[in-house]
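Let's take a walk through this one together. Keep the structure open next to the text and follow along as the residues come up.

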Protein chains: 2
Amino acid sequence: MHSIKNTRLLRALSNQPNDRTPIWIMRQAGRYLPEYREVRAKAGDFLTLASTPELACEVTLQPIRRYPLDAAIIFSDILTVPDAMGLGLYFAEGEGPKFKRPTRTPADIQALGNPDPETELRYVMDALRLTRSELHDSVPLIGFAGSPWTVATYMIEGGGSKEYVNTKKLMYADHDALHMLLSKVTATTIQYLTAQVEAGAQALMVFDTWGGILTPKTYMDYSLRYMQEIVSSLKQSHPDTPITLFTKNGGMWLPQIARTGCDGVGVDWTIDLRDARALTSEKVALQGNLDPGVLYGSKARIKEEVIRVLESYGEGDRHIFNLGHGIHQHIDPENVEFMIETVHELSPAFHSNSPTA
Amino acid sequence: MHSIKNTRLLRALSNQPNDRTPIWIMRQAGRYLPEYREVRAKAGDFLTLASTPELACEVTLQPIRRYPLDAAIIFSDILTVPDAMGLGLYFAEGEGPKFKRPTRTPADIQALGNPDPETELRYVMDALRLTRSELHDSVPLIGFAGSPWTVATYMIEGGGSKEYVNTKKLMYADHDALHMLLSKVTATTIQYLTAQVEAGAQALMVFDTWGGILTPKTYMDYSLRYMQEIVSSLKQSHPDTPITLFTKNGGMWLPQIARTGCDGVGVDWTIDLRDARALTSEKVALQGNLDPGVLYGSKARIKEEVIRVLESYGEGDRHIFNLGHGIHQHIDPENVEFMIETVHELSPAFHSNSPTA
């Protein structure tokens, strides 16, 4: 940890004093940046971009060059895992991700591969190694995966979904099969995240984008239980690498998420951070939670909303400023810069270790 | 009220003893029923079906004929209001509802009509009158509208949306314009719901499908505030007509929803009814909240989950059994029958006024 120059993110995640609130942005390497669009256009398509280490490294570094952010996050996709398990990921124009071979029957689940991350997912590991080298220890590099539940919904539906018909069919008509699928995805995800740490990731994040479509009981049974397995396993093998869990629309389940032993919890904008802090009993760092839509506003409005987020967390060193979900593609990069500057300017007042304290 | 033979729904909404838990199903007149698909095929398209009083009445009655349900809900759509305000509703094949003329600028908002329900929305009123007559006071007839916020998102986006880019732009860059739009939709919705009561609706429901994409503060400012206006106005003019508010993904805001003076609150499946009951302090009836996906399960599984819902509410007369959202189109009608029978069979134990108590 001491080799990294900017330790704010890692300090927040390990409950150490900070001079100001660290900030990074979900999907910070993305289409709102003209330099990203240029590399993406040259690559031709998203998958080529994500699977070519030099290009993935380049777009990972772009927001770090442009803005004074406190962390980089490797450019990749949560669906690389099921792709490596044999489903055949592709992107249909204007339709988002799709799988050639969805996983719906017990036989489909039996047939799933258990990919070796350094072979089938080597492009991610190479991108991590290259990016670590190019970052020159300026800021920590975050690795990530989808939650087994979220990844499984895509595997079962064959892509994005509105009502999750096939997933819910499996859940309510053959839950043993669903558990078998989730166990396999969990095992692969643990190997994948472990390999990411060994390739240079200095913090991990698990994105549970669709945990919020579950009931309280099925969330515990089908989503949190498997994220718990990931946290327990990684904490055993790599106790010094902090892990953040993020369930979108999971505000009501924050107490349980915080009890997994994770270091940080991502919070979307549907809950005040003061409530999230109370619900998690100060056990974890909280990451979030500006509504990405705020960045469409005027600078005065952005400042007002940044202050609202900082004040809602209040005084303390365990807040990581971020959006409540990924940045939208039509945001003006200048507004992003203004948001970051505002956090730099106003957050020291919330920290006892600030130069002005 | 006494003219209606089956008063269970109205009794639950007015906190009077019941012999068992009333049940109806969101989207009970819908594509999962073969007799619905037949009428829909004859009508040619959804809009013809919804705007022809005889056909709307027919499909409203279909589930009542097939199942021993405790309420009918008029077959209509939350987008009839903006259609009547001049936006030009149409359904693009496989793409859901769209508007020819979305509402994005202050000039668009200024130009909106204030339709007279008995003229521009007469087909809904005629359908209500006809259905009331055909029901012969067997069960109460529910009228409904979308919440101003939810309707406004469709008006601004021109259809369904994923990130609500234009809505959030308006919210954060020109909130006066958004408030003007919401005020206009609210005024029209109040007239529309008032006319529905006068045409025969015996209970009202307001669907806030997209309130859950807001922050706590913007939910209060842009969604709940306008639903509050609707409740206050209807309670003034028609104090005996119960109103139920339903914000999908609004579990965390149940205390505030219950304080509007509404009679019932719809609850999706992401929260336990025991928690919902505690959060609403027994001020209101609670409607819900079986995960619609449960109906893909075996009868044993359906029974188990129905029991879970009944037990999570516990003893008391203010529970209205329902799904947590609309029924899916590929559900087997036999499973729906089994769910209803199970509620009939097992819910008396939760009521002090049951024959067996």
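Is Lys235(B) buried or partly exposed? Count its surroundings: 17 C-beta neighbours fall inside 10 Å, so Lys235(B) is classed as partly exposed, because buried status takes 20 or more and exposed status 12 or fewer. Bear in mind that this is a predicted model. You'll find Lys235(B) in helix α11 of chain B. Its C-alpha atom is separated by 11 Å from that of Leu204(B), a residue 31 positions away along the chain.

Helix α11 of chain B also turns up in the surroundings of another helix, α9(B). In α9(B), which spans residues 165-173, the buried residues are Thr167(B), Lys168(B), Leu170(B), Met171(B) and Tyr172(B). What do they pack against? Within chain B, the partners are α8 (148-157), α10 (175-199) and α11 (216-237), and from chain A there is α14 (299-313). So the surroundings of this helix take in elements of both chains.

That brings us to how the two chains meet. Across the interface, 26 residues of chain A are in contact with 26 residues of chain B. On the chain A side, helix α9 (residues 165-173) gives the most, with 6 residues. The chain A side as a whole divides into 10 nonpolar, 10 polar and 6 charged residues. And 100% of the interface residues of chain A are interface residues in chain B too, so the copies meet through the same surface.

How are the two copies related? Two copies of a chain are, in general, related by a rotation about an axis plus a shift along it. Here, a rotation of 180 degrees with 0.0 Å of shift along the axis puts chain A on chain B, with an RMSD of 0.0 Å. That is the relation of a two-fold axis. If you want to find the axis on screen, look for Met252(A): of the residues of chain A, its C-alpha comes closest to the axis, at 3.6 Å.

Now for the inside of chain A, beginning with its sheet. It is an open sheet of 7 strands in the order β1-β4-β5-β6-β7-β8-β9, with parallel pairing. The edge positions belong to β1 (72-73) and β9 of chain A, each with a single partner strand, so one side of each has no neighbour in the sheet. Moving in from the β9 end, β8 (residues 285-290) of chain A pairs with β9(A) in the parallel sense over 5 bridges. One of the matches is Gly288(A) with Phe321(A). On to the next pair: β7(A) and β8(A) are also parallel, with 3 bridges, and Gly264(A) stands opposite Ala285(A) there.

How many residues of the edge strand β9(A) are buried? In β9 (residues 319-323) of chain A, 5 of the 5 residues are. Side chains in a regular strand alternate between the two faces of the sheet. In β9(A), His319(A), Phe321(A) and Leu323(A) are on one side, Ile320(A) and Asn322(A) are on the other, and all are buried, leaving both faces covered. The strand also takes part in a right-handed β-α-β unit made of β8(A), α14(A) and β9(A). Recall that α14 of chain A is one of the elements that the buried residues of α9(B) pack against.

Away from that sheet order, there is a hairpin to look at. β2 (residues 89-92) and β3 (residues 96-99) of chain A pair in the antiparallel sense over 4 bridges, with Tyr90(A) opposite Lys98(A). The hairpin has 3 residues between its strands, and Gly94(A) takes a positive phi near 75 degrees.

Finally, step back to the domains. The assignment for chain A gives domain 1 (29-66 + 71-266) and domain 2 (270-357), with C-alpha centres 25 Å apart. At their boundary, 16 residues of domain 1 of chain A are in contact with 20 residues of domain 2 of chain A. On the domain 1 side, α12 (254-258) and β7 (264-266) of chain A each supply at least two residues. That side divides into 7 nonpolar, 6 polar and 3 charged residues.

Note on methods:
Residues numbered from 1 in each chain as written. Chains lettered and ligands numbered in written order. Predicted model: local features only at pLDDT ≥ 70, side-chain atom pairs only at ≥ 80, totals over all residues. Contact = placed C-beta atoms within 7 Å. Least-squares fit on C-alpha atoms with pLDDT ≥ 70 in both. Pairing = 2+ DSSP bridges. Right-handed = clockwise from strand over helix to strand, strands pointing away. Domains from an automatic or database assignment. Nonpolar A, V, L, I, M, F, W, Y, C, P; charged D, E, K, R; others polar.
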